[in-house]
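Reader: I have just started learning to read protein structures. Could you show me one and let me ask about it?

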Amino acid sequence: MSETDGLIRARGLVKRFGDLVAVDGIDLDVRRGEAFGFLGPNGAGKSSTMRMIGCVSPVTAGTLRVLGLDPAADGPEIRARLGVVPQQDTLDTELTVWENVLIYGRYFGLSRRELRPKIDELLEFVQLSERSGDKVEPLSGGMKRRLTIARSLVNDPELLLLDEPTTGLDPQARHVVWDRLFRLKQRGVTLVLTTHYMDEAEQLCDRLVVMDHGRIVAAGSPRELIERYATREVVEVRFEDERPDNGALSGLAARVEELPDRVLIYTSDGDATAAAVSDRGLPPHSTLVRRSSLEDVFLHLTGRTLID
Amino acid sequence: MESLVQPLRAYEHWLAQYKRVWRGTIGTSLLNPLLYLAALGVGLGTIVDRSQNAPAGVPYLDFIAPGLLAAAAMQTAAVEASWPVMGAIKWTRTYYAMTATPLTERDVLIGHQLFVITRVLTASAAYLLVVAAFGAVNSWLGLLAVPVAVLIGTAFSMPMAAYAATREGDSSFPPIFRFLIVPMFLFSGTFFPVSQMPLAFELAAYVTPIWHGVELCRQLTLGEAELPAALGHLVYLLAWTLGGFLAARRAYRRRLFR
């Protein structure tokens, strides 16, 4: 990777709030044009990392370069080239959809003349043209989110930071947002996002890191992570009333994980394993054979009592 | 002072919001002085003037009109820099929208204060207009009461913004108004000379920015400005403005960039 391709470069990055260590020495390299994800449970340090990258939170220790610049010295200059979709919307609910993008564009010093066609284009892109003159207050959560995305694009950012872009949205609204983000990626915008939705990470991210307790516990493409930390398939078994004794299912596969409501069996051949469960005289209430997902990786890495 | 270009971008936000409600506020800005001057200046003033013991040797209306104007500037500024500042941090999160762009805490602060100044400026101009209509402006110097009112405003809005930016909820504000702003309104020379109070209260009044503002406005509308004293009042109000600005900039930085 050449220097110029590195949009974000962090070495030993630390963020402390008093005694609380939010980010505990992480290394990162995000390249131009990729979609990079931070995956992790609440409190893992994802948002703190994003705020440091967004130049609104001073680095406690370590080095951070964003667009080749130092956030401590060139915060405003970097922010001029970033788009930010924060976790909580910061829209002007009393203003109209159109005015929201206008006022935000003015923060970047864009003239009204250049903003006028730009706003129409952005509202078209997020499918809000028809609501252009409406106040923001009564819009649905998905629409507000799309408006926040439109607003974040007003300065043609090289790097778009999205902190939990679809949290709280219904499935349809999420898919619309994903579709728009995918189009942005196709246009060459670098996306950096945090999420605790595995399907979101799988759909959008070329590469991701899994964070837990302020550290990076795994890194790679979704496919790589699944291959490294999970098996090809997973058998989910639910039992009617009593579940079999601990150990009754052991030996069936390299890893068996007991959750409160079901047992997960990690295996390379799901059908064979499912048959083996029945053969042991343990007829389950239901059996589901599926390909393993990022969720399996996530649970494996960020904690659940494991029975190996 | 550095460039105002960036703060003006933040200021546009507040203007855009104000555009929706300005008509109502203009009505209030005219109605309030009308009510106060009619009740206290004319109504109560008639009795006071009969006592042959009017303060400063002028009609009571002429005495309290500039005091009321100054106090109104204080109140407008204090209100505009308390709940709206908290709201921009906690409720609408407008400040966070601003700091995601090239704007800095300085731009966010000055941009908001420019709007507070706009409100104080228009309210004070309206006040002076009503005072003039009551015939209580005795000199062209009275026109200067408007810029002085703006300075009174910033002497309160800057420290108030600094305070608001450190608070977690709006329950912190009513005590400030109840125990600081209202007493200052009543006992800082607005309605009677502070020399009538026991010495400790009189001295306390001299410490408040509003006493200096009231004195200055009164000198101007009565046309009796005494230069050294007037300059002293100006410097004192400027000191509160500047100190408040520095405190607020620090509070904004700690709050928005942590």
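Author: Happy to help: this is a predicted model, and we can go through it question by question.

Reader: How many helices and strands are there in chain A?

Author: Let's begin with the overall extent of this chain. The C-alpha trace of chain A spans about 75 × 45 × 35 Å along its principal axes. Its secondary structure comes to 10 helices and 13 strands.

Reader: What percentage of the residues of chain A count as buried?

Author: A residue counts as buried if 20 or more other C-beta atoms lie within 10 Å of its own. Chain A has 308 residues, and the buried share of them is 42%.

Reader: What distance separates the centres of domain 1 and domain 2 of chain A?

Author: First, find the two domains: domain 1 of chain A covers 3–226, and domain 2 covers 231–292. Taking the centres over C-alpha atoms, the separation is 39 Å.

Reader: Are helix H8 and helix H10 of chain A parallel, perpendicular or oblique to each other?

Author: Helix H8 of chain A runs over residues 222–229 and helix H10 over residues 294–302; their axes come within 9 Å and cross at roughly 55°. Angles under 35 degrees would count as roughly parallel, and those from 65 to 115 as roughly perpendicular. The angle for H8(A) and H10(A) fits neither range, so the two helices are oblique.

Reader: Which residues of H10(A) make that contact?

Author: H8(A) passes H10(A) in a left-handed crossing. From H8(A), the contact uses Pro222(A), Leu225(A), Ile226(A) and Tyr229(A). By class, the contact has seven nonpolar residues, one polar and no charged. The partners on H10(A) are Leu294(A), Val297(A), His300(A) and Leu301(A).

Reader: Moving to chain B, is the crossing of H6(B) and H7(B) left-handed or right-handed?

Author: Helix H6 of chain B spans residues 105–133 and helix H7 spans residues 145–164; the axes come within 9 Å and cross at roughly 140°. Angles over 145 degrees would count as roughly antiparallel, so H6(B) and H7(B) are oblique instead. Their crossing is right-handed.

Reader: How many charged residues are in the contact of H6(B) with H7(B)?

Author: The residues from H6(B) include Leu109(B), Val116(B) and Leu128(B), while those from H7(B) include Ala145(B), Gly153(B) and Met158(B). Sorted by class, the contact has 13 nonpolar residues and five polar ones, and the number of charged residues is zero: there are no charged residues.

Reader: Why is Val150(B) counted as buried?

Author: Val150(B) is found in helix H7 of chain B. Leaving aside neighbours within four places in sequence, Val150(B) is in contact with Ile117(B), Val120(B), Leu121(B) and Ser124(B). The cut-off for buried is 20 or more other C-beta atoms within 10 Å. Val150(B) counts as buried because its number of C-beta neighbours inside 10 Å is 22.

Reader: How far apart are the axes of helix H3 and helix H10 of chain B?

Author: Helix H3 covers residues 60–80 of chain B and helix H10 covers residues 209–222. The crossing of H3(B) and H10(B) is right-handed. They pack at an angle of about 135°, and their axes are separated by 8 Å.

Reader: Finally, how many residues does the contact between the two chains take from chain A?

Author: Chain B supplies 21 residues to the contact. Helix H1 (5–18) and helix H5 (94–99) of chain B each supply at least two residues of that side. By class, the side of chain B has nine nonpolar, seven polar and five charged residues. The number taken from chain A is 22.

Key. Residues numbered from 1 in each chain as written. Chains lettered and ligands numbered in written order. Predicted model: local features only at pLDDT ≥ 70, side-chain atom pairs only at ≥ 80, totals over all residues. Contact = placed C-beta atoms within 7 Å. Helix = DSSP H or I, 4+ residues; strand = E, 2+ residues; numbered from the N terminus. Nonpolar A, V, L, I, M, F, W, Y, C, P; charged D, E, K, R; others polar. Buried ≥ 20, exposed ≤ 12 C-beta atoms within 10 Å, placed from the backbone. Axes fitted to C-alpha atoms, helices over the stretch in contact; angles between N-to-C directions. Left-handed = near helix turned anticlockwise from the far one by under 90°. Domains from an automatic or database assignment.
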